[in-house]
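The questions below ask how certain labels are earned, and each answer sets a value beside the criterion that decides it.

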Amino acid sequence: MTSKAKSKERPGWKDLPSGGFILEPGNATKYLTGDWRLMRPVWDAERCIDCLLCWLFCPDGAVLAEGGKIIGFDYDYCKGCGICAKECPPKVDAIKMIREDEALEEPLSA
Ligand code: SF4
Ligand code: SF4
């Protein structure tokens, strides 16, 4: 292949999208940060006293609450940081962090 033909296949600089611009505002919801989670919070509804500390401190809004009560976790966006488990009062201890592969029905092979 000649260099002329090769350069025809490649986009020129005018064809490349601009860098550093948000071309589609509000697109953060498309990035499912749960994709790369290594640890998963597991919530024990029986132990939970609905203090909402986990909901308040979760940096991703991944703790779901309704009517002043925790109803679960949004694993599409939970990135497994463990802040919720740290903030849960020690006497209650309603959130355990487990390895993501332990949470899968068929654990990933090593
Ligand atoms: S592990 Fe982190 S991201 Fe996930 S629910 Fe807890 S605080 Fe939120
Ligand atoms: S921090 Fe613990 S006790 Fe408080 S709402 Fe969350 S899970 Fe329940």
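Q: What makes the shell around ligand 2 count as it does by class?
A: In this predicted model, the shell around ligand 2 has 12 nonpolar, no polar and 2 charged residues. There are 14 residues around ligand 2, and the closest are Cys48, Cys51, Cys54, Cys88 and Ala94. Cys and Ala both count as nonpolar under the scheme in use, so these closest residues fall in the nonpolar class.

Q: How do you know which classes the shell around ligand 1 contains?
A: The shell of ligand 1 comprises 13 residues, with Cys58, Cys78, Cys81, Ile83 and Cys84 as the closest. By class it divides into 9 nonpolar, 2 polar and 2 charged residues. Because Cys and Ile are counted as nonpolar, the closest residues belong to the nonpolar class.

Q: Why is Gly68 called exposed?
A: Gly68 has 8 other C-beta atoms within 10 Å, and the exposed label applies at 12 or fewer, so Gly68 is classed as exposed. Its place is the loop between strand E2 (63-66) and strand E3 (69-73). Gly68 is also 8.6 Å from Cys51, C-alpha to C-alpha, with their positions 17 residues apart in sequence.

Q: Why is Asp93 called exposed?
A: Asp93 has 12 other C-beta atoms within 10 Å, and because the exposed class takes in counts of 12 or fewer, this value still falls inside that class. Asp93 sits in the loop between helix H3 (83-87) and strand E4 (95-99), and its phi is near 50 degrees, a positive value in a residue other than glycine.

Q: Why do Asp50 and Val92 count as partly exposed?
A: Asp50 has 15 C-beta neighbours inside 10 Å, while Val92 has 14. The partly exposed class lies between the exposed limit of 12 or fewer and the buried limit of 20 or more, so both residues belong to that class. Asp50 is in the loop between strand E1 (39-43) and helix H2 (53-57), where its phi, near 55 degrees, is positive although the residue is not glycine.

Q: What does Val92 touch, and where does it lie?
A: Val92 belongs to the loop between H3 and E4, and, leaving aside residues up to four places away in sequence, it touches Arg47, Cys48 and Ile49. The C-alpha atoms of Val92 and Asp44 are separated by 9.7 Å, although these residues are 48 apart along the chain.

Q: How do you know that E2 and E3 pair, and which way do they run?
A: The two strands are joined by 4 bridges and run antiparallel; since at least two bridges are required for pairing, E2 and E3 meet the criterion. Leu64 stands opposite Gly72 in E3. The hairpin formed by E2 and E3 has 2 residues between the strands, and Gly67 within it takes a positive phi near 60 degrees.

Q: What makes up the largest nonpolar core, and why can its members be called buried?
A: The largest nonpolar core has 12 residues in all, among them Trp43, Ala62, Phe73, Cys78 and Ile95. Membership of such a core is limited to buried residues, so each member has 20 or more other C-beta atoms within 10 Å of its own. One of these residues, Ala62, touches Phe73, Asp74, Tyr77 and Cys78, not counting residues up to four places away in sequence. Of the chain's 110 residues, 14% count as buried.

Q: How are the elements arranged along the chain?
A: The chain contains 4 helices and 4 strands, following the pattern α-β-α-β-β-α-β-α when read along the sequence. Among contacts with a separation of 6 or more, 62% involve residues 24 or more positions apart.

Key:
Residues numbered from 1 in each chain as written. Chains lettered and ligands numbered in written order. Predicted model: local features only at pLDDT ≥ 70, side-chain atom pairs only at ≥ 80, totals over all residues. Near = placed C-beta within 6 Å. Contact = placed C-beta atoms within 7 Å. Core = buried A, V, L, I, M, F, W, Y, C linked by C-beta atoms within 7 Å.
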